[in-house]
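Reader: Could you take me on a close look at a single part of this model? I would like to see one residue in its surroundings, and then how those surroundings fit into the rest of the chain.

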Amino acid sequence: MADEKSTEYYTLLCDDPSHEVVLIDCGPRELDVIRAVHRLTGLSLWHSRVLARQAPVTVLEGLSPCRAQSAVSVLQSAGAGAQWRQEPEPGERAAPSL
């Protein structure tokens, strides 16, 4: 077993952890939420609709806290239930928080 390579991950203290935006539900204004997902992700309207209907789903990943909060504001103003949270560290399993 000495030949097995192990992977180690380190978080630098100076680095800001990345955040993700999670769409919880579309709410009553589904079309407005689909347009907001389209605007935020750059996906086609059809793919944005498919993504929005899979809620709860991660819409964006790897964002700074400011950009994640801004994206959540766009989704919430369209009528969606959304939240932003810190992405789990590599190798760390995160249970969905709903």
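Author: Happy to! Let's begin with a side chain and a backbone atom: the side chain of Thr41 reaches the backbone nitrogen of Leu43 at 3.2 Å. Please keep in mind that this is a predicted model, and every distance here is computed from it.

Thr41 has a polar partner on the other side in sequence as well, since a polar atom of its side chain lies 2.7 Å from the backbone oxygen of Val37. Thr41 belongs to helix α1, which covers residues 30-41. With a relative accessibility of 25%, Thr41 counts as partly exposed, because the buried class is reserved for values under 20%.

Which residues does Thr41 contact once its neighbours within four places in sequence are left aside? They are Ser48, Val59 and Leu60. There is also a longer step to notice: Ala71 is 30 residues from Thr41 in sequence, yet their C-alpha atoms are 9.8 Å apart in space.

Let's follow Ser48 next. Ser48 sits in helix α2, and at 0% relative accessibility it counts as buried. Beyond its neighbours within four places in sequence, Ser48 is in contact with Ile34, Val37, His38, Thr41 and Leu43. Two of those names are familiar, as Val37 and Leu43 are also the residues whose backbone atoms are reached by the side chain of Thr41.

Leu60 opens a second path. Not counting residues up to four places away in sequence, Leu60 touches His19, Glu20, Val21, Leu40, Thr41 and Ala71. Ala71, then, is a contact of Leu60, while its C-alpha lies 9.8 Å from that of Thr41.

Leu60 also brings us to the nonpolar core. The largest such core has 20 residues, and those with the most contacts inside it are Val21, Leu23, Val33, Val37, Val59, Leu60 and Leu75. Two or more residues of this core come from each of β1 (19-25), α1, α2, β2 and α3 (65-77). Val59 and Leu60, both contacts of Thr41, are among the residues with the most contacts in the core.

Another contact of Leu60 is Glu20, and this one leads to charge pairing. Glu20 forms a salt bridge with Arg85, with the closest N and O atoms 3.0 Å apart. The two residues come from distant parts of the chain: Glu20 is in strand β1 and Arg85 in strand β3 (residues 81-86), 65 residues apart. Is Glu20 buried or exposed? Glu20 is buried, at a relative accessible area of 8%, whereas Arg85 is partly exposed at 23%.

The structure holds four salt bridges. At the start of helix α1, Glu30 pairs with Arg53, with 2.7 Å between the closest N and O atoms. Glu30 is in helix α1 and Arg53 in the loop between α2 and β2, so this pair ties together parts that are 23 residues apart in sequence. Glu30 is partly exposed, with a relative accessible area of 27%, and Arg53 counts as exposed at 51%.

Helix α1 also has a pair of its own. Asp32 and Arg35 form a salt bridge whose closest N and O atoms are 4.0 Å apart. These two are three residues apart in the helix, so about one helical turn separates them. Both are partly exposed, Asp32 at 30% and Arg35 at 45%. Together with Arg29, they are linked in a network of salt bridges.

The loop that holds Arg53 has one more feature to look at. Pro56 is located in that loop, between α2 (45-52) and β2 (57-63). A cis peptide bond joins Ala55 to Pro56, with omega at about 5°. That is worth a look, because most peptide bonds are trans.

Finally, let's step back to the whole chain. Three helices and three strands make up its secondary structure, and along the sequence they follow the pattern β-α-α-β-α-β. Of the 98 residues in the chain, 27% are buried. Among contacts between residues at least 6 apart in sequence, 71% join residues at least 24 apart. The salt bridge of Glu20 and Arg85, with its 65 residues of separation, is a good example of distant parts being linked.

Terms used:
Residues are numbered from 1 along each chain as its sequence is written. This is a predicted model: local features need pLDDT of at least 70, side-chain atom pairs count only at pLDDT 80 or more; totals for chains, interfaces and linings use all residues. Side-chain values use heavy atoms; hydrogens and water are left out. Helices (H or I, at least four residues) and strands (E, at least two) are DSSP runs, numbered from the N terminus. Buried means under 20% relative accessible area, exposed over 50%, partly exposed in between (1.4 Å probe, protein chains only). Contact means heavy atoms within 4.5 Å. A polar contact is a pair of N or O atoms within 3.5 Å; within protein, one must be able to donate a hydrogen and the other to accept it, and residues adjacent in sequence count only if both atoms are side-chain atoms. A nonpolar core is a set of buried Ala, Val, Leu, Ile, Met, Phe, Trp, Tyr and Cys residues joined through side-chain atoms within 4.5 Å. A salt bridge is a side-chain nitrogen of Lys or Arg within 4 Å of a carboxyl oxygen of Asp or Glu.
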